[in-house]
Amino acid sequence: GDVLITECTYNTENRSTITWGGLGTTDEMCLAFMWYYPRNEFTGCNSLQVLQTVAAALNVSATR
């Protein structure tokens, strides 16, 4: 029942071109690592962007 949330804040105001998301050094990226003990069976890990949150950040309207 526990929940972990990672929030990243990006600031690319000093760039004059589009900043793409990705793992390159010129891309915006957000990485989170977690260790836990004791070991137990891990069934999966999910990461997703909520469409409405991304749309709001881009100042556009979101539809399904």
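Here are a few questions and answers about the predicted model above.

User: What should I know about the numbering and the filters before I start?
Analyst: Residues are numbered from 1 along each chain as its sequence is written, and side-chain values use heavy atoms, with hydrogens and water left out. The model is predicted, so local features need pLDDT of at least 70 and side-chain atom pairs count only at pLDDT 80 or more, while totals for chains, interfaces and linings use all residues.

User: How many helices and strands does the chain have?
Analyst: Helices (H or I, at least four residues) and strands (E, at least two) are DSSP runs, numbered from the N terminus. Helix H1 covers 51–57. The count for the chain is one helix and zero strands.

User: What is the radius of gyration of the chain?
Analyst: This radius is taken over C-alpha atoms, and the globule rule is 2.2 Å times the number of residues to the power 0.38. The C-alpha trace spans about 45 × 30 × 15 Å along its principal axes. A compact globule of 64 residues would come near 11 Å, but the chain has 16 Å.

User: Is Trp 35 buried or exposed?
Analyst: Buried means under 20% relative accessible area and exposed over 50%, with partly exposed in between (1.4 Å probe, protein chains only). Trp 35 lies in the segment before H1. Because its relative accessible area is 74%, Trp 35 is exposed.

User: Which residue has its place in the segment after H1, Gln 49 or Asn 59?
Analyst: Gln 49 is found in the segment before H1, and its 63% relative accessibility makes it exposed. Asn 59 counts as exposed too, at 72%. The residue placed after H1 is Asn 59.

User: How far apart in space are Asn 59 and Thr 17?
Analyst: In sequence, 42 residues separate Asn 59 and Thr 17. Their distance, C-alpha to C-alpha, is 18 Å.

User: What percentage of the residues in the chain is buried?
Analyst: The chain has 64 residues. Buried ones make up 3%.
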